Amino acid sequence: MKGDVLLFDLDGTLTDPKPGIVGCIRFALDQLAIACPGDAVLAGFIGPPLRETFALLLSTAEADPIEEAMALYRRRFAETGLYENQVYEGVRKMLEHAAASAAAMYVATSKPAMYADRIVRHFGLAGYFRKVYGPELDGRYDNKAELLAHLLEVERIVPEVAVMIGDRAADIRAAKANGLRSVGVLWGYGSESELVDAGADILFHTPHDLADHLSQIAWARKH
């Protein structure tokens, strides 16, 4: 990854959003009087686009009930769920090493860009990234492969120099769809088998492991 452009997922990669996301899904389902799974099941939905999550939880493909659930989720998320979140231990140090070796860094997340940008700023991570990319509230770029294609086009980045770093299969598949290399991280919500099956080029168990790898790259650049 010497001199590469690094694209980081947010949820499950930079921050642990479980309390906020689980709480907001539960709030939406409670308001709709829909039976809600336990927290462990709901945590499995961290990462993929929220509309897909509600389609599964509501057992429907109809837009109206899905959008109603989305509106309820966002009501709570905008007020409190946004900040029921924390930066993973070791991530700040990892980003320092990444910044030393990368040509540029961006956030590429399935969380709506307006929320993701607020989270990145709230936790003091904005200085590491040129820009935060995520879907629009109307669903544009919900598909992560389309989001990455959009990012590459806007920033004029050729796929050969870009690397996607994330914790779920969707991150890895989106990278492959756009001709990017991919890094799977195992401190988030995706399993090792999920990331391997999706085709991750390399896996790291902790932010410290990834930081060490990036430090070696930075050292090699200087020598």
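Select isoleucine 172 in this predicted model. With a relative accessibility of 0%, isoleucine 172 counts as buried, because buried means under 20%. Isoleucine 172 belongs to helix 8, which covers residues 169-177. Now show what surrounds isoleucine 172: setting aside neighbours within four places in sequence, it is in contact with Ser182, Val183, Gly184, Leu195, Ala198, Gly199 and Ala200. For a distance across the model, add tyrosine 83, which is 89 residues from isoleucine 172 along the chain. The C-alpha atoms of tyrosine 83 and isoleucine 172 are separated by 27 Å.

**The cores**

Next, select Phe8, Phe54 and Met94. These are the residues with the most contacts inside the largest nonpolar core, which has 51 residues. Keep methionine 94 selected. Which residues does methionine 94 touch, not counting those up to four places away in sequence? They are Phe8, Leu14, Trp187, Pro207, Leu210, Ala211 and Leu214. There is also a second, separate core of 16 residues. To find this second core, select Leu7, Tyr106, Met164 and Leu180, which are among its members.

**The aromatic pairs**

Colour the aromatic rings. The structure holds 5 aromatic pairs. One of them joins phenylalanine 8 and phenylalanine 129 in an edge-to-face arrangement, with 6.0 Å centre to centre and 70 degrees between the planes. Phenylalanine 8 is in strand 1 (residues 5-8), while phenylalanine 129 is in the loop between helix 6 (113-122) and strand 5 (131-133), so this pair ties together parts that are 121 residues apart in sequence. Check the two residues in turn. Phenylalanine 8 counts as buried at 0% relative accessibility, and phenylalanine 129 is buried with a relative accessible area of 9%.

Move on to phenylalanine 77 and tyrosine 115. They form an edge-to-face aromatic pair, 5.2 Å centre to centre, with 70 degrees between the planes. Phenylalanine 77 sits in helix 4 and tyrosine 115 in helix 6, so the pair links distant parts of the chain, 38 residues apart. Are phenylalanine 77 and tyrosine 115 buried or exposed? Both phenylalanine 77 and tyrosine 115 are buried. Add Phe54 and Tyr73 to the selection: with Phe77 and Tyr115 they form one aromatic cluster. Phe54 has already appeared on this tour, as one of the residues with the most contacts inside the largest nonpolar core.

**The cavities**

Rolling a probe the size of a water molecule over the atoms shows where empty space is left. How many cavities of 30 Å³ or more does the structure hold? It holds 2.

The largest cavity contains about 260 Å³ of space. To centre the view on this cavity, select Pro48, Leu50, Ser110, Lys111 and Pro112, which are the closest to its centre of the 22 lining residues. Helix 3 (50-58) and helix 4 (63-79) each supply at least two residues of this lining. Helix 4 gives the most, with 4 residues. Coloured by class, the lining of the largest cavity shows 12 nonpolar, 4 polar and 6 charged residues.

Finish at the second largest cavity, which has a volume of about 40 Å³. Select its lining: Asp9, Asp11, Gly47, Pro48, Ser110, Lys144, Arg168, Ala170 and Asp171. By class, this lining has 2 nonpolar, 2 polar and 5 charged residues. Pro48 and Ser110 line the second largest cavity, and they are also among the residues closest to the centre of the largest one.

Note on methods
Residues are numbered from 1 along each chain as its sequence is written. This is a predicted model: local features need pLDDT of at least 70, side-chain atom pairs count only at pLDDT 80 or more; totals for chains, interfaces and linings use all residues. Side-chain values use heavy atoms; hydrogens and water are left out. A nonpolar core is a set of buried Ala, Val, Leu, Ile, Met, Phe, Trp, Tyr and Cys residues joined through side-chain atoms within 4.5 Å. Buried means under 20% relative accessible area, exposed over 50%, partly exposed in between (1.4 Å probe, protein chains only). Contact means heavy atoms within 4.5 Å. On a 1 Å grid over the protein atoms alone, a cavity is a set of points where a 1.4 Å probe fits but cannot get out, and a pocket is an open set with protein on both sides within 12 Å along at least five of seven lines; lining residues have an atom within 4 Å of a point. Grid points are joined across faces, edges and corners, and a volume is the space filled by probe spheres set on the points. Ala, Val, Leu, Ile, Met, Phe, Trp, Tyr, Cys and Pro count as nonpolar, Asp, Glu, Lys and Arg as charged, and the others, Gly among them, as polar. Rings of Phe, Tyr and Trp (its six-membered ring) pair if their centres lie within 6.5 Å; planes under 30 degrees apart count as stacked, over 60 as edge-to-face and the rest as tilted.
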